Amino acid sequence: MTRVKLVGRTYRFRMRVPKMFREVEPRNEVDISLKTPDLLVAEAKARKFEKELVAMWEARMAGEDPDYEAIVKYCQAMGFAYRAVGDQSDGDFMRRMGALDPYSKVQSQSLMGTVSARGMSISRMPKMYETLSAYRLKAKNAEQLRIWRIPFSRAADLFVEVCGDLAMEDVSQQEAQKLRDHLRTAVENGEIVANTANRMIGSLQTMFKEICRDKKLWLPNPFNDMRLKESKTKGRRKAIPSEMIDKILAPKALDRLNDEARDVLYICINTGCRPSEICGVLKHHMHLTANVPHFELVEEERELKTSASVRKVVLVGIALEAMKRRYNAGGFPRYKGKHSSMTALINKYLRNNDLIDEGYTLYGLRHSFEDRLISRNLADRISAELMGHEVKRERYGDGPDLHLLAEILAPISYH
């Protein structure tokens, strides 16, 4: 449908605002003079103007600030990077003037770089950063995405609580120092550890840096050099000792735990897999009738922690029996994409039934598995293959054979 209409001797651009953009555009129709009596010129202008309009509407629909971010998108649609007027070279300024329609306020603000970024507040940074990171988040499932958001949202919320919801350009080192002092006091009072404080500062530092880079904001990062000094001995999850594992596997000890959670626990004991890895295993990843029964950890409907996490996991003893039950049940339908709730449930069950002591968690089974591997004096490459760890050198060959891994696991597994 044409957007160009001759009115008198001059063509005008007329376009009804699509329903999907009504919430961000108060006009029902855009009607503007194209300032030309030439049809071909008018049609070229109309195509360009429509592209610019849609770019601005889409920016607003994405929750971006119509007074800055939408203007940036508008400028990019016209073929220019948004740049404040004071940062434009003489040649760049003249090129922009040549492309400018002096009667268009939006074009003037966009090309001349006269709009401030004041609408970009700290409370909006997590959503903006997530939009910038979309290409890296594609493989995450809903639960993984929820967990990924937590540190950024918490850090922004704390900053707003301590310093107020400031515009990014108003955040100075004084405000960042105020947040640092607040976190340091919390560490001194034993409310949090230094590592937690530094993760919050790091989250703010990362969001600020990436948003400024994307929006062409040349602001100094106030969160640089604000981290607290950490203890040389960071907290590490404790390996669950063999006597506790024996209590867990004692007859009737797990009777009141649901079947799926119980099987995950059994598989953790004999494979050292992360609980989240096990929950995402689908039925067609299980190869239980192969010469060496195993399952595959692949990135299907979820993201794995590292590239080394993608691997084949050999099944022996109680892990093999548990996976057979899961195969017959169709996999892990209850906890697929919900590993956090499953981990919390198992930890609560183990504590409430005195199966583990204070300070131990389900994840400690992974450390117990690694300790048993260490006791075998295995080559680093084999241990890394079984644990899903990165090898700190270039990889050569196809790695250890599954038969070899099964032979290694048999004597250190529970049956």
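Buried means under 20% relative accessible area, exposed over 50%, and partly exposed in between, with a 1.4 Å probe and protein chains only. The structure is a predicted model, in which local features need pLDDT of at least 70 and side-chain atom pairs count only at pLDDT 80 or more, while totals for chains, interfaces and linings use all residues. Residues are numbered from 1 along each chain as its sequence is written, and side-chain values use heavy atoms, with hydrogens and water left out.

**Exercise 1. Cysteines and burial**

Determine how many disulfides there are, and classify Cys163 and Cys212 as buried or exposed.

Solution. Step 1: a disulfide is a pair of cysteine sulfur atoms within 2.5 Å. By this rule the count is 0 disulfides. Step 2: Cys163 has a relative accessible area of 14% and is therefore buried. Step 3: Cys212 is buried as well, because its relative accessible area is 5%.

**Exercise 2. The sheet of E1, E2 and E3**

State the strand order of this open sheet, identify its edge strands and give the bridge partner of Arg12.

Solution. Step 1: helices (H or I, at least four residues) and strands (E, at least two) are DSSP runs, numbered from the N terminus. Two strands pair if DSSP finds at least two bridges between them. Step 2: the 3 strands of this open sheet follow the order E1-E2-E3, and their pairing is antiparallel. Step 3: strand E1 (4-7) and strand E3 (29-33) are the edge strands, each pairing on one side only. Step 4: strand E2 (residues 10-16) is joined to E3 by 5 bridges in the antiparallel sense. Within this pairing, Arg12 has Ser33 of E3 as its bridge partner.

**Exercise 3. The sheet of E4, E5 and E6**

Explain why one side of E4 and of E6 is left without a neighbour in the sheet, then locate Glu301.

Solution. Step 1: the order in this open sheet of 3 strands is E4-E5-E6, with antiparallel pairing. Step 2: strand E4 (286-287) and strand E6 (311-314) stand at the edges and have a single partner strand each, so one side of each lacks a neighbour in the sheet. Step 3: strand E5 (residues 294-297) pairs with E6 in the antiparallel sense over 4 bridges, and Glu296 has Lys312 in E6 as its bridge partner. Step 4: Glu301 is in the loop between E5 and E6. Glu301 is not a glycine, yet has a positive phi of about 65 degrees. Because its relative accessible area is 48%, Glu301 is partly exposed.

**Exercise 4. The largest pocket**

Report the volume of the largest pocket and describe its lining by class.

Solution. Step 1: on a 1 Å grid over the protein atoms alone, a pocket is an open set of points where a 1.4 Å probe fits, with protein on both sides within 12 Å along at least five of seven lines; lining residues have an atom within 4 Å of a point. Grid points are joined across faces, edges and corners, and a volume is the space filled by probe spheres set on the points. Step 2: the volume of the largest pocket is about 920 Å³. Step 3: of its 25 lining residues, the closest to the centre are Arg274, Ser276, Lys305, His339 and Tyr363. Step 4: Ala, Val, Leu, Ile, Met, Phe, Trp, Tyr, Cys and Pro count as nonpolar, Asp, Glu, Lys and Arg as charged, and the others, Gly among them, as polar. The lining has 7 nonpolar, 8 polar and 10 charged residues.
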